[in-house]
Amino acid sequence: MAVKVTGFFQNPQTGLIHQSPLLTLVPHLQYAGLIAMDVFIDRNGAIGYQSIDKATLTYNALITDPYSQLIDALDTYVIDNLKDANAINSASTFEKYVPPVPTP
């Protein structure tokens, strides 16, 4: 799971600013129905989320696999949360990152 930021990104927890980073998302089961999430910034730093309630996530009905649906919902949650965190992030583009398929 990863998110590509195009433009400047300000870590809402430290205030450090990065240019066009790749954010790696690592979810952890916290308690029943709750998820914790570590978001690692490719050049330096991390952001931690606690108590993300699975019931409040927005799920894409077009995705039929429950695991893929949860991953997509967590990506969307983090993108929405970070984009709204400050004015610097709101001016940047956040998109779900899919690594290129290697060619043989």
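This text walks through a predicted model of one protein, from its overall build to the pairing of its strands. Local features need pLDDT of at least 70 and side-chain atom pairs count only at pLDDT 80 or more, while totals for chains, interfaces and linings use all residues. Residues are numbered from 1 along each chain as its sequence is written, and side-chain values use heavy atoms, without hydrogens and water.

The protein contains 2 helices and 7 strands. Here helices (H or I, at least four residues) and strands (E, at least two) are DSSP runs, numbered from the N terminus. Along the sequence their order is β-β-β-β-β-β-α-α-β.

Strand β1, residues 2-6, has two partners described here. Strands pair if DSSP finds at least two bridges between them. With β4 (residues 22-31), β1 forms 3 bridges in the antiparallel sense, and Ala2 stands opposite Thr24 of β4. With β7 (residues 93-96), β1 forms 4 bridges, again antiparallel; there Thr6 has Thr93 as its bridge partner.

Next comes the overall shape. The radius of gyration, taken over C-alpha atoms, is compared with a globule rule of 2.2 Å times the number of residues to the power 0.38. The protein has 14 Å, which agrees with the value near 13 Å for a compact globule of 104 residues. Its C-alpha atoms fill a box of roughly 40 × 35 × 20 Å along the principal axes.

Contacts (heavy atoms within 4.5 Å) also span the sequence: among those between residues at least 6 apart, 38% join residues at least 24 apart.
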